[in-house]
Amino acid sequence: MGSVSSQMLGWVLALLQGSRAAPGHVSRAQPGSLVVLFGATAGALGPELGSDETDLILLVWQVVEPRSRQVGTLHKSLVRAEAAALSPQCREASGLSADSLARAESLDKVLQQFSQLVNRDVALLGGGPYVLCTDGQQLLRQVLHPEASRKNLVLPDTFFSFYDLRREFHMQHPSTCSARDLTVATMAQDLGLETDATEDDFGVWEVKTMVAVILHLLEGPSGQLFSKPEVVKQKYETGPCSKADVVDSETVVRARGLPWQSSDQDVARFFRGLNIARGGVALCLNAQGRRNGEALIRFTDSEQRELALQRHKHHMGIRYIEVYKATGEEFVKIAGGTSLEVARFLSREDQVILRLRGLPFSAGPADVLSFLGPECPVTGGADGLLFVRHPDGRPTGDAFALFACEELAQAALQRHKGMLGKRYIELFRSTAAEVQQVLNRYASSPLLPTLTAPLLPIPFPLAAGTGRDCVRLRGLPYTATIEDILSFLGEVAADIRPHGVHMVLNQQGRPSGDAFIQMTSAERALAAAQRCHKKMMKERYVEVVPCSKEDMSRVLMGGTLSRSGMSPPPCKLPCLSPPTYATFQATPALIPTETAALYPSSLLPAARVPAAPTPVAYYPGPATQLYMNYTAYYPSPPVSPTTVGYLATPPTALGSTSTSVLSQPGALIRMQGVPYTAGMKDLLNVFQAYQLAPDDYTTLMPVGDPPRPVLQAPKEWVCL
């Protein structure tokens, strides 16, 4: 009781002394004990410390008591590095050798000694809780925390807050250079401090000079000095992001080369020591909804981002990760969402998200909860489940689940590929950004993906028939071109019909490895298959199989490809036939006079007189039913072996236009930069106030541009 009363009396006397302070004197609470810390790695030093992912080899520290202006014993400890090789810069500056480091203690032992010695010195000086003080942020953020993460070490709580001496100095002396450009030597020089130039022990001079700078700063009048320490986040916090959020582009980076199974926690661990914003890890998905090995990371400020860029080609396991600058718009595009349902789902904090894929379409919340079992309960029961659906309400087979802790999520992951009904279910770690991406993908997709129909007929309609006068090439290299196919076929290429080569592209517009070729007869198609089947093209053998025009047409008009043959898409919804337009029968491609002069006459196709125009439909007739589909295959522009890459203007487009109109100056207008999605009505609306017959579709014709899919609207048009 007496000790308590004396303690209270001391506090009262201290308050009275503070109230009697001289005018102009700023009374402020002194900070707790400071531990001045210096470290070095086996690689780069100075501003590049930690950028080369080398291990820590040295720690030097000394305790400073701000109230009494006393200092403790200076300690120096070597750390055994796994890679004993020293860089020339480190060997010259430190004077250390690989043998001396081999006899040193490991990092975990050194950290234990550090805590024991610091606590002893603080007690001897009569101080309280201590805070680290370093020269810059690299030692803790770029060296200690990443290395402890790689070695699975748990750092004490004292390593998650520190004072940056450069910032404290710049706060009291703002007229000097920026805090980032300061060094221990420049700070001492600006204060006019005398340093021991004879000290050659690496790390000792730096700590002694930092202590002298701190004691000098404590004599100043600033009340904000050593009052707000830097904080290192111990845990990554998940959270949603809205499309309306404004993200500073100076805080975002892109990480590339991530393992496909990595989660947001793995990415946060790679950037351990740096402060990532809440919900700041967005894993990117490819067109199939799977992770593509990239992620966008948003940090709390630009300084954290600059430190993150120094981790370019650091390793995650055995893979090195590339780190580049990114923009805030890219982050919002990936991580942002507008769904209120998703916002409510992600509003629960400190939850682990798992993704379930392959659910039966009839599965409901009760089925999923029963599948996971009572040993790994979902947070909130059915409210902790989010089913992904198409815009019309149909299920996609995907769902997300929330779990309260890591242990429950690990137990749920044990159900990976477990059976629910007759289907096995895949479980993966997920993120808030992935939830947004998956929901955005299905919310923005049409109910039935359709292909834009061309506005004009092609001059080479695909005739229906059952004769096997076509061949299918399967297993082509993705880099194969038309010239490679012609060279692969050899002499058989002479039997290809004009415009008879059809490369099949996937949904991303890239080669799918398949192609169709129209031959002059079924006999020539069979001969081509027998001659070229399993022949090598660029270290790959190619299968050559005869097929019919009907099979080829079905695929080129939107059907699907499979190893067992051709099949229409699964949705079985008939497509309305587009209007018919006048066209001619198949004719060879027209070659301009300038181009024809470069070739011998024997290579040029013979001139033909076109037949009378008859109305034909671009799509196959009722005999060949066309379906709207979810297909992943589209045809490339058909080409002729004699006119590779050149598509001539259909003669019908000019047949109905009088020569007098074409000869008039200004009667021909070329429109460039037209959007690919522009249709006939869009073009007619542009010329609504001019004398253009709205029903005269022959006055609008596409201009042959670089080859593009025939089902894609052209970019340039000519208006007559």
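These are my notes on the second largest pocket and on how three of the helices that line it pack.

**Entry 1: the pocket.** I'm working from a predicted model, so I keep that in mind throughout. I looked up the second largest pocket and got a volume of about 750 Å³. Its lining takes in 32 residues. Which of them lie nearest the centre? I noted Gly46, Pro47, Asp135, Gln138 and Arg166.

**Entry 2: chemistry of the lining.** I sorted the lining residues by type and found 15 nonpolar, eight polar and nine charged.

**Entry 3: who supplies the wall.** I went through the secondary structure next. One strand came up, β1 (33-41), with at least two residues in the lining. The helices that also give at least two each are α5 (138-150), α6 (165-172), α7 (184-191), α8 (204-218) and α10 (302-309).

**Entry 4: where it sits.** Why does the pocket lie between the domains? Domain 1 (33-231) and domain 2 (241-337) both give residues to its lining, so that's where I place it.

**Entry 5: α6 against α7.** I then checked helix packing. For α6 and α7 I have an angle of about 25 degrees and axes 11 Å apart. That is under the 35 degree cut-off, so I put α6 down as roughly parallel to α7. Their crossing is left-handed.

**Entry 6: α7 against α8.** Here the angle is about 40 degrees, and the axes are 10 Å apart. That makes α7 oblique to α8. I looked up the handedness too: α7 passes α8 in a left-handed crossing.

**Entry 7: tying it together.** α6, α7 and α8 each supply at least two lining residues, so I'm filing their packing under the pocket that lies between domain 1 and domain 2.

Methods
Residues are numbered from 1 along each chain as its sequence is written. This is a predicted model: local features need pLDDT of at least 70, side-chain atom pairs count only at pLDDT 80 or more; totals for chains, interfaces and linings use all residues. Side-chain values use heavy atoms; hydrogens and water are left out. On a 1 Å grid over the protein atoms alone, a cavity is a set of points where a 1.4 Å probe fits but cannot get out, and a pocket is an open set with protein on both sides within 12 Å along at least five of seven lines; lining residues have an atom within 4 Å of a point. Grid points are joined across faces, edges and corners, and a volume is the space filled by probe spheres set on the points. Helices (H or I, at least four residues) and strands (E, at least two) are DSSP runs, numbered from the N terminus. Ala, Val, Leu, Ile, Met, Phe, Trp, Tyr, Cys and Pro count as nonpolar, Asp, Glu, Lys and Arg as charged, and the others, Gly among them, as polar. Domain bounds come from an automatic or database domain assignment. Axes are lines fitted to C-alpha atoms, for helices over the stretch in contact, and angles run from 0 to 180 degrees between N-to-C directions. Angles under 35 degrees count as roughly parallel, over 145 as roughly antiparallel, 65 to 115 as roughly perpendicular and the rest as oblique. A crossing is left-handed if the near helix is turned anticlockwise from the far one by less than a right angle, and right-handed if clockwise.
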